[in-house]
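Work through the following exercises with the sequence and the model at hand, and compare each step with the solution given.

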Amino acid sequence: MPKYHGPLLTRPVAQALIAARDARADAWTGSLDLGRSAAEVTLAADGWAWKGQHYPYPGRLKDRTIYYWDGEDFSAVSRYSGSLIKLVPTEWDAPTFEIDGIKMLPTSKESPVDDARRKVALVEPRGKVVLDTCGGLGYFAACCLDAGVARIQSFEKNEDVLWLRALNPWSPDPEAPESGGRLLLEHGDVSQQIARVADASVDALLHDPPRFGIAGELYSQVFYDQLARVARRGARLFHYTGSPNKLTSGRDVPREVAKRLEKAGFKAQLALDGVLAVRR
């Protein structure tokens, strides 16, 4: 999907824009790309202009919602196709996303990008070929690119998530010059597409699957055997599991994952909110 380069509004940004108009200012400076940069717009009574295009002042906007210009109006960055998927602003600028109201990325203590950076550092991606199994918003991929990865293959099963990525300025663009052709993003189910990946062809792996109840196949011994097959000896793997409540679920998912990875041919240990493993 082509990357969106138009303005993005949140309720606080819209309020600041309208307040500047009401104060009869000629211009307003703020971010129209979720904190990635600052922009100056010119103000008039009937609208505002940015990068040579005229926009109307937005109407009443909802909290915890991001809006994009759809060519006629400002629309929420959300879709419903069996599940409601939505890009959600955070206090850290970089957004998270929700599926049916369930937050997909941790944001309570730090930016989702900083969270991704700590996890990516565990696999030491510089100069390596990396497999990113469940691309999501692409924050793992962005951190790998920043860290000097040689090439990263990323799969994303959900077409609506790819749409969110196209609208999110914090998601890396495979076509952007700074990506340098190093990011290959495919729409596909990694549980099936991994069969196409050659034996012993990747130096590091990042596995951030949906929770077990949604995508149990991505926690299976069959899939872990496939990860071991494509990994070179010494390849590092970070597997996000989160911290499901063992008392309520009756399961210790991180330790179950570590046990299966050991059986597949990795040496595994608990790390951060997941499992770090090295291919034996």
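**Exercise 1.** Determine which residues of α8 are buried, and establish how they are arranged about the helix axis.

*Solution.* In α8, a helix in the sense of a DSSP run of H or I with at least four residues, numbered from the N terminus, the buried residues (under 20% relative accessible area, with a 1.4 Å probe and protein chains only) are Val253, Pro254, Val257, Ala258, Leu261 and Ala264. Seen down the axis of α8, these buried residues fall within an arc of 135°, taken from the directions from the helix axis to the C-beta atoms, so they line one face of the helix. The face turned away from that buried side carries Arg255, Lys259 and Lys263, which are exposed, that is, over 50% relative accessible area. The buried residues pack against α6 (221-230), β16 (231-240), β17 (266-271) and β18 (274-279), where contact means heavy atoms within 4.5 Å and a strand is a DSSP run of E with at least two residues.

The model is predicted: local features need pLDDT of at least 70, side-chain atom pairs count only at pLDDT 80 or more, and totals for chains, interfaces and linings use all residues. Residues are numbered from 1 along each chain as its sequence is written, and side-chain values use heavy atoms, with hydrogens and water left out.

**Exercise 2.** Check the length of α8 against the span expected for its 12 residues.

*Solution.* The expected span is 1.5 Å times one less than the number of residues. For the 12 residues of α8 (residues 253-264) this should give 16 Å, and the end C-alpha atoms are 16 Å apart, which agrees. After the helix comes glycine 265, whose phi is positive, near 125°.

**Exercise 3.** Locate aspartate 100 and leucine 272, and describe the backbone and the accessibility of each.

*Solution.* Most residues other than glycine have a negative phi. Aspartate 100, however, has a positive phi near 50°; it is placed in the loop between β10 (96-99) and β11 (102-103), and at 48% relative accessibility aspartate 100 counts as partly exposed, the class between the two cut-offs for buried and exposed. Leucine 272 likewise is not a glycine and has a positive phi of about 50°; its place is the loop between β17 and β18, and with a relative accessible area of 47% leucine 272 is partly exposed.
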